[in-house]
Every structure is written in C-alpha cells, then in structure tokens.
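Hello,

Here is the structure you are taking over. Please open it first and then read the notes below it.

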Amino acid sequence: MAKKRRKLNKDFERKIYTSKKNVELVLAKIYDIDDEDIQKEYMSAFNNVVYLYDELKEDYERQGFSDNSEELLASYKNAFNLFESEFEI
C-alpha cells in the first residue's frame, strides 16, 4: 500500500520558520544573562514555549498541514506571548 503524502502549506512553513527564529532569539538572550539564578528562572519559564514549538514542527514534518496544525500554532503563540508579558527580555 502506498504511503499517503503530507499536505504542504507554504504560508504555514513561513510561520514555523518565523517561530523558530523567535525561539532562537529568545534563547540567545537568555544565555546572555550573567546571573545564573535569573538565567535558570527564564529558561524554566521558556521551556514550555520551546516544547510547543518542537511539537508544532514535528507534527508538520510528520503529518504535513492538518486540522491540528492551526491549534498547535495558536498554542505556541499563546505561550510565547504569555512569556513575553511576564518576563522582560
């Protein structure tokens, strides 16, 4: 039986790419914090955002664009916005 092809979506791929860049930027800023305790606090708070980004990316790579894709993106964006509102970076 032939394997079902993933449904691709260029606009969604751009959103994933932008999300990746945002995660990398915040991680770089966190790693630049000199105070180890503050760095750990920021990293702990940002771990959920990184987890949701990874889940979003892996789901798209595995299944392509699906009904679940927009929900995963919305969850990631909400977590990222919550982090930005609670932590000054």
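The chain carries 15 positive and 20 negative charges, and the mean positions of these two groups are 13 Å apart. Keep in mind that this is a predicted model.

The overall build comes next. The chain has three helices and zero strands, so if you trace the elements from the N terminus you read α-α-α. Along its principal axes, the C-alpha trace spans about 55 × 20 × 20 Å. The radius of gyration is 15 Å, whereas a compact globule of 89 residues would have one near 12 Å.

What share of the residues of the chain counts as buried? The value is 30% of the 89 residues. The accessible surface comes to about 6,500 Å², and carbon and sulfur atoms account for 47% of that surface. As for contacts between residues at least 6 apart in sequence, 70% of them join residues at least 24 apart.

One residue to look at is Asp 59, which lies in helix α2 (residues 36–63). Is Asp 59 buried or exposed? Its relative accessible area is 5%, and the cut-off for buried is under 20%, so Asp 59 counts as buried. Leaving out residues up to four places away in sequence, Asp 59 touches Gly 64, Ser 66, Asn 68, Ser 69 and Leu 72. Of these, Asn 68, Ser 69 and Leu 72 fall within the residue range of helix α3 (residues 67–86).

The last topic is the aromatic rings. A pair of aromatic rings is described by two values, the distance of the centres and the angle of the planes. The count for this model comes to nine aromatic pairs. One of them joins Tyr 76 and Phe 80, with 5.9 Å from centre to centre and 40° between the planes. Why is this pair called tilted? Planes under 30 degrees apart count as stacked and those over 60 as edge-to-face; the angle here is 40°, so the pair of Tyr 76 and Phe 80 is tilted.

Both Tyr 76 and Phe 80 lie in helix α3 (residues 67–86). They are four residues apart, which is about one turn of the helix. Both residues are buried.

Which residues form one aromatic cluster? Tyr 76 and Phe 80 belong to it, together with Tyr 42, Phe 46, Tyr 53, Phe 83 and Phe 87. To find the cluster in the viewer, you could start from the tilted pair of Tyr 76 and Phe 80.

Regards

Terms used: Residues numbered from 1 in each chain as written. Predicted model: local features only at pLDDT ≥ 70, side-chain atom pairs only at ≥ 80, totals over all residues. Heavy atoms only, no water. Helix = DSSP H or I, 4+ residues; strand = E, 2+ residues; numbered from the N terminus. Rg over C-alpha atoms; globule rule 2.2 N^0.38 Å. Buried < 20%, exposed > 50% of the residue type's maximum accessible area, 1.4 Å probe, protein only. Contact = heavy atoms within 4.5 Å. Areas by Shrake-Rupley, 256 points an atom, 1.4 Å probe, with all protein chains shown as cover. Lys, Arg positive; Asp, Glu negative; His and termini not counted. Charge placed at Lys NZ, Arg CZ, Asp CG, Glu CD. Phe/Tyr/Trp six-rings, centres within 6.5 Å; stacked < 30°, edge-to-face > 60°.
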